[in-house]
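New to this one? Here's a quick tour, sorted by topic, so you can find your way around.

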Amino acid sequence: MPMFYEKSQIRYSLIAIIGILILTVLFLFVLNWIIGILVTVCLCIALFFLRKSVLEYRKEMDSYISTLSYRLKKVGEEALMEMPIGIMLIDDDFRIEWANPYITSIMNEDTLIGRDLLEIHDSLLPLFKQDAETEAVITLDDQKFKVIIKREERLLYFVDVTEQIQIEKQYEDERTALAYIFLDNYDEITQAMDDQTKSAINSKVTALLNKWAKDFGVFIKRVSSERFLAVLNEQILTKLEKSKFSILDEVREKTTIENVSLTLSIGIGTGVSSLQELGDLAQSGLDLALGRGGDQVAIKQINGKVQFYGGKTNPMEKRTRVRARVISHALKEIVTESDKVMIMGHKFPDMDAIGSSIGILKVAQANGKEGFIVLDEEAIDSGVIQLLEEVKQHSELWSWFITPDEALEIMTDETLLIILDTHKPSLVIDERLLSISEHVIVIDHHRRGEEFIKDPILVYMEPYASSTAELVTELLEYQPKPLKMNMIEATALLAGIVVDTKSFTLRTGSRTFDAASYLRGKGADTVLVHKFMKEDIENYVRRASLIQNTMIYKNGIAIAIAKDDSYFEQVTLAQTADTLLTMNNVVASFVIARRSESSISISARSLGEINVQLIMEALNGGGHLTNAATQLQDITIDDASDMLKNAIDEYLEGGTKS
């Protein structure tokens, strides 16, 4: 019987039916033996033909199964031998025991049996030795193969993905990117020009950008006097990155008028298919480039990653004070709407942070609001100790200095928090204040970095300014109410300017002297400023020991490296870097030393020819073109030195990424 009839449920049912038939026949024999014989004969004939049908069916089924087994075996063999998927069987010594013809033909060999796995590809053996199931893409004879490894069976499958990868690359290359191009200082340069000269400079810039766009295959359109829109793809963007966006240098060099050049800032959005998101990314990149001082390119992706190119010139000082006046009035309105003002600088505050904090305190008081300066006396820079000692002698001013814990206790939903001399949340004195405040203002003179305080209601960032104290001094000048400052308040602000400009020698513009003049008129004591800047003999000797271990790396770049078992304060490193700049033929200086057992600091300075900010950003730091720093964790001094040299080499080769 077929398998169907051998099932217990069917078999028992058939037995029952046969039993009933036998009883029926016996019953018929009792009633009428002739009818019983006829029924018995008919039943035997039916059973005979049923048996015959079952046997024929079984014979056909056996023949079908035999044929099917043969076909399946043949298909399996053909699939194994002819299918365009490579198969290898590996022994315990990582040698090939068997390989199908497909992978053998790819390797242009008669046989692969006995060959070592490393001979096929140098990455196969490390992949095979990993614990988890692994997939990887390798190249064999200019073809890309996805390798699937089955360790328990010691099998490797090779699937050709060459065409798939080519399609993926083509898709990525042709993906759209959007760029906003902005002439940083167009209004500043052209405001005093006659129409003929302005037309000539416009034609010059347009011609340069059109030629650049034609050379690289970029669509470009001028949408206003100082703004262009450009459409390109990822493949073109890659070429532009390889050229380090030479258009920045070309425009700067060929548009010089009375020793002043036009500069470009470019924001590029990439990495998404949505045109709206590309536009948002491009605008965000442009804002970032302008916030860092302009003359650079910022390429921004949806994951927040940003790449920077350019930024090799100092930001040009704005000749107009219109923005300072507008910001000052906006600051007054916000202060008057708050119940009190909290003022906070960066960790280990310097004279610029302390001085500008005192200046903002005066803004709050001038508008009838209580202001408090947040300071952690256990974490201050040694360079401000003398300033704070002087402030403590003026009890009325010192009473407005509070600890972070005290600030947390008195803050309300209507309290205004003003962050000075930094724009990075990780660098403020206490991030708790930042997290609970709904009203935050940022005032800073550093170039904007990727990390930025979230959703401030007002931002005043001017990278051209010498110091935050200079910006705050200008804001004080435009406060509408008569402002009274005593000697120590004006002196603290002036000290912030003097320290950050190295006594008016670096990053100093005409507005820097205007701010200093205003403070001098308010009673700032220059002798007291000089007193604040004095250092003790022990610190001078320690600085000299750092200078002793100085080498000239290349192109006038001096690197001072402290011993691995010595510890230095940040201010000492900064002073050492400043001192190295006074040496002959030194255009940039770097000082590497430990601040603690797990932390190494690098302080960087330059005279403007080398952008030390870009070099420090490559090491997760930041700052200005001529003044920057970074901190590295859990590495040795030698490792830090190697990382710095690599960053310098990359910068000197023409580009930087962050």
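What follows is a short briefing on cores, helices, salt bridges, surface and loops.

Keep in mind that this is a predicted model. A good place to begin is the inside, where the largest nonpolar core has 55 residues. From there we go to helix H11, whose buried residues pack against several strands, then to the salt bridges, of which a search of the whole structure finds 17. The tour ends with a nonpolar patch on the surface and a few loop residues.

**The nonpolar cores**

- Three isoleucines stand out in the 55-residue core: Ile360, Ile418 and Ile443 touch the most other members.
- Take Ile418 and ignore its neighbours within four places in sequence: Ile418 is then in contact with Leu331, Val341, Met342, Ile343, Met344, Ile360, Ile441 and Ile443.
- There's also a second, separate core, made of 32 residues, and Tyr186, Ile220, Phe228 and Val297 are among them.
- As background, nonpolar side chains tend to be buried together in soluble globular proteins.

**Helix H11**

- Helix H11 covers residues 275-291, which makes 17 residues.
- Does its length add up, and what should it span? At 1.5 Å a residue the expected span is 24 Å, and the end C-alpha atoms are indeed 24 Å apart, so the two agree.
- The buried residues of H11 are Leu278, Gly279, Leu281, Ala282, Gly285, Leu286, Leu288, Ala289 and Gly291.
- Which strands do those buried residues pack against? The partners are S6 (176-183), S8 (227-233), S11 (264-270), S12 (296-301), S13 (306-310) and S19 (458-461).
- After H11 comes Gly293, which has a positive phi, near 110°.

**Salt bridges**

- Lys169 and Asp173 join their side chains in a salt bridge, at 2.8 Å from N to O. Both sit in helix H6 (residues 162-174), and because they are four residues apart there, about one helical turn separates them.
- Is Asp173 buried or exposed? With 17% relative accessibility, Asp173 counts as buried.
- Arg252 and Asp249 make another salt bridge, at 3.0 Å from N to O. These two are three residues apart in helix H10 (residues 247-254), so they too are separated by about one helical turn.
- Arg252 is buried, at 17% relative accessible area, while Asp249 is partly exposed, at 30%.
- That pair has company: Asp249, Arg252 and Asp295 are linked in a network of salt bridges.
- Asp339 and Lys340 form a salt bridge as well, with their closest N and O atoms 3.4 Å apart. Asp339 is partly exposed, with a relative accessible area of 33%, whereas Lys340 is buried, with 12%.

**A nonpolar patch on the surface**

- Nine names to look for here: Phe29, Trp33, Ile34, Ile37, Leu38, Val41, Ile45, Phe48 and Phe49 form a nonpolar patch on the surface.
- Together, the residues of this patch have about 910 Å² of accessible area.
- Where does the largest share of the patch come from? Helix H2 (residues 33-82) supplies it, with eight residues.
- Ile34 is a handy example, as a patch member that lies in helix H2. Its relative accessible area is 46%, so Ile34 is partly exposed.

**Loop residues to look at**

- Phe94 is placed in the loop between strand S1 (85-90) and strand S2 (96-99). Its phi is positive, near 60°, and Phe94 is not a glycine.
- Phe94 is partly exposed, with 24% relative accessible area.
- Asp421 is in the loop between strand S17 (416-420) and helix H17 (431-436). Here too a residue other than glycine has a positive phi, near 65°.
- Asp421 is buried, with a relative accessible area of 2%.
- Thr111 belongs to the loop between helix H3 (101-106) and helix H4 (117-120), and Thr111 is partly exposed, at 44% relative accessible area.
- How far is Thr111 from Asn100, eleven residues apart along the chain? Their C-alpha atoms are separated by 9.2 Å.

Conventions: Residues numbered from 1 in each chain as written. Predicted model: local features only at pLDDT ≥ 70, side-chain atom pairs only at ≥ 80, totals over all residues. Heavy atoms only, no water. Expected span 1.5 Å × (residues − 1). Buried < 20%, exposed > 50% of the residue type's maximum accessible area, 1.4 Å probe, protein only. Contact = heavy atoms within 4.5 Å. Salt bridge = Lys/Arg side-chain N within 4 Å of Asp/Glu carboxyl O. Patch = residues over 30% accessible without salt bridge, like charges linked within 9 Å, V, L, I, M, F, W, Y side chains within 5 Å. Areas by Shrake-Rupley, 256 points an atom, 1.4 Å probe, with all protein chains shown as cover. Core = buried A, V, L, I, M, F, W, Y, C linked by side-chain atoms within 4.5 Å.
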